[in-house]
Amino acid sequence: METIEFLMSGFGIALTPTNLMMAAIGALVGTIVGMLPGLGPINGVAILMPLAFALKLPPETALILLASVYLGCEFGGRISSILLNVPGDAGAIMTALDGYPMAKKGMGGVALSISAWSSFVGSILAASGFVLFAPILARWALAFGPAEYFALMCFAFACLTGLMGDQPMKAALAAVIGLALATVGLDSNSGVYRFTGGDVHLSDGIQFIVVVIGLFSISEILLMLEQHHAVGGIIRETGRALFNLKEMAQTWWTTLRSALVGFVVGVLPGAGATIASAMTYTMEKQIAGDKGNFGEGDIRGVAAPEAANNASAIGSFVPMLTLGVPGSGTTAVMMGALALYNITPGPALFTQNAGLVWSLIASLFIASVILLVINIPLVGMFTRLLQTPNWLLVPGILAVSAVGVYSVHATTFDLMMMAVFGVVGYFLRKQGVPMAPLILGFVLGDMMEQNLRRALSITDGEVGILFESPISISLWVLSVLMIVVPPLLRLRKRRRRVV
Amino acid sequence: MSDRILGAACVLVGAGMAWAARDYAAPISYEPVGPKAFPMLLAALLAAGGLWLVLKPSADGSWIRRVPLGALGFAVLAVFVYAFLFQTLGFTLATVVMAVPVGMAFGGSWKQALAGGVGLGLLLYLGFDKLLDVVLPSGALAFILGGR
């Protein structure tokens, strides 16, 4: 019952005119960013984060804005998947498989509206799951000591590397690079300056925003040089705009199942919307069996990934807020945003800053409703925006990114670092090194080192403490399973295919 | 750039990290783990991972031949020049200088790119600096736009 009261007070904060307006702006901007191929939720949140800070928005308002952008991106990605056959963001890759065939058959309107609906259902279910589970998890996490935290963070990296697919070593390397970048600057325990090369600009560490915008926005621009998707390829004849009751009934169980799976995958630290949508699409394809025509415009193939990517986006807030370990790359960036406000997410947040947490949860419900409302009638406007030529769009992204970086410290040094990270990020991404583990490592680096040192201080250097409590032992076991099991499963699948 | 080069680079960076961290020590130590251990651990992991890639590379570097290298070099240069000029030349002019080559690399004519750059430079400056109070350098145009 206590939870209901908290949630109501959260709605009280989220429904104030400023916060409501921010949720609406965030939803609109998010849909556009998510829709534009190449720009995903991380870019949207990374570019808006410094601006929200520079505008001196209070922390809960800033977080509401960023969360609505995140959710909006998961809604928006489907538009270009369906109409262009180019996924707007990584979570919408699967949506193109059946969405584009549907659009080619003149069912684009139905594909857009049913996917908006399943996105909405996924969001609402996941937000309800959040309300139910987050307080329990937060209470449980209060028992965590430094050793447990260290094990938990290792588990997060294990999830990322294990689920990252075919090149786990590169995911692991990315995480280590991120952790290493986080060690730059003053070590607060000993007063030693590490890896600064004597440069005063680095004494405070590498700026989070510089890293994120460099690695995601700038490198993305360089990657976009290779995309030559013709803007003329867009499908304009979308036919009937709304799905009917029969189509809704057809997708109902798919949507519910996918939302559930998406939420669980989202809660797992490190695993995000991309994995969730791929998993549910495959799952639904298997459930449908021969009766489905997945790949040729099955309506369930649109509903499943969309319900899952929204549910997982919301799910990824759960570990970030309750444990202080983000559940996705985007929530890792949001944790960086909270750091600008000197707020450290974790179990204590629920007691010390309950207003912030619950207004965020309430705003997830509100943003879902706004997104459903704007996404069905405004689809025409969004498709027109999709035709913005790259020669205008790309300089625009670059200019806004630079404004974001500049607004924090107003130095040329930060802008140059942004450019350097852009080039480095480009080469790493071209070589198949994923960026999400890197950013997670960068965000968690300081906390991981501090917890390790604190744990070892308790026992005066005895490493055994890391493997002592039941919680940390189970986390270590889970971490090992996460790394060992997926390659074994892949191996079995490959063998079966050979037989 | 193949996986081998990436791996070798990781080994080198790891070695460099270890060398730079070799005598990080707290002046007054009151904890068993000082400022050196964690960077050393990471350096070792980085080098080990790099070595793995050198021995078992999984992807080749042939993508470099499919990249429009001219356009890429152009764009990278434009980003660096933009970062360099941002403060001295001011946001608006720097944006114009950046938007022309970048816009052209993305298929615009020089007229389109120039018009786009001028439009972006002015609109974003007015929007951020005047409307939203996010202070941007006005640089060489200070006599018209005010500010610094």
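**Entry 1: chain B, overall**

What pattern does chain B follow when read along the sequence? I went through chain B from its start and wrote down α-α-α-α-α-α-α. My tally for chain B came to 7 helices and 0 strands. A reminder to myself before going on: this is a predicted model.

Next I looked up how spread out chain B is. Its radius of gyration is 23 Å, while the globule rule gives 15 Å for 148 residues, so chain B is more spread out than a compact globule. I also noted the box that its C-alpha atoms fill, which is roughly 60 × 50 × 20 Å along the principal axes.

The domain assignment for chain B lists domain 1 (3-64) and domain 2 (68-145). I checked the centres of these two domains of chain B, taken over C-alpha atoms, and they are separated by 38 Å.

Two more values for chain B went into the margin. Of its 148 residues, 38% are buried. For contacts between residues at least 6 apart in sequence, 58% join residues at least 24 apart.

**Entry 2: where chain A touches chain B**

Then I turned to the contact between the chains. I found 55 residues of chain A in contact with 58 residues of chain B. On the chain A side, the elements that each supply at least two residues include α3 (41-54), α7 (168-182), β2 (192-194) and α8 (208-224). Further along chain A, α17 (390-409), α18 (412-430) and α19 (435-458) do so as well.

Which element gives the most to the side of chain A that touches chain B? That is α17(A), with 13 residues. I sorted the chain A side by class too, and got 34 nonpolar, 14 polar and 7 charged residues.

**Entry 3: α4 against α15 in chain A**

Staying in chain A, I looked at helix α4 (residues 59-84) and helix α15 (residues 354-375). Their axes come within 9 Å and cross at roughly 40 degrees. The crossing of α4(A) with α15(A) is right-handed.

On the α4(A) side I picked out the residues in contact, among them A:Leu63, A:Ile64, A:Leu71 and A:Phe75. Their counterparts in α15(A) include A:Leu356, A:Leu360, A:Leu364 and A:Leu371. By class, this contact has 11 nonpolar, 7 polar and 1 charged residues.

**Entry 4: two positive phi values**

I wanted to see where positive phi turns up outside glycine. A:Lys56 has phi near 60 degrees, and I located A:Lys56 in the loop between α3 and α4 of chain A. Is A:Lys56 buried or exposed? A:Lys56 is exposed, because just 10 other C-beta atoms lie within 10 Å and a residue with 12 or fewer counts as exposed.

A:Asn342 also has a positive phi, about 60 degrees, and is not a glycine. I found A:Asn342 in the loop between α13 (329-340) and α14 (349-352) of chain A. With 7 other C-beta atoms within 10 Å, A:Asn342 is exposed.

**Entry 5: A:Leu137**

Last stop was A:Leu137, which lies in helix α5 (residues 93-141) of chain A. A:Leu137 has 17 other C-beta atoms within 10 Å, so it is partly exposed. Which residues does A:Leu137 touch, leaving out those up to four places away in sequence? They are A:Val318 and A:Thr322. I also looked up A:Leu137 against A:Arg257: the pair is 120 residues apart in sequence and 23 Å apart in space, C-alpha to C-alpha.

Note on methods: Residues numbered from 1 in each chain as written. Chains lettered and ligands numbered in written order. Predicted model: local features only at pLDDT ≥ 70, side-chain atom pairs only at ≥ 80, totals over all residues. Axes fitted to C-alpha atoms, helices over the stretch in contact; angles between N-to-C directions. Helix = DSSP H or I, 4+ residues; strand = E, 2+ residues; numbered from the N terminus. Left-handed = near helix turned anticlockwise from the far one by under 90°. Contact = placed C-beta atoms within 7 Å. Nonpolar A, V, L, I, M, F, W, Y, C, P; charged D, E, K, R; others polar. Buried ≥ 20, exposed ≤ 12 C-beta atoms within 10 Å, placed from the backbone. Domains from an automatic or database assignment. Rg over C-alpha atoms; globule rule 2.2 N^0.38 Å.
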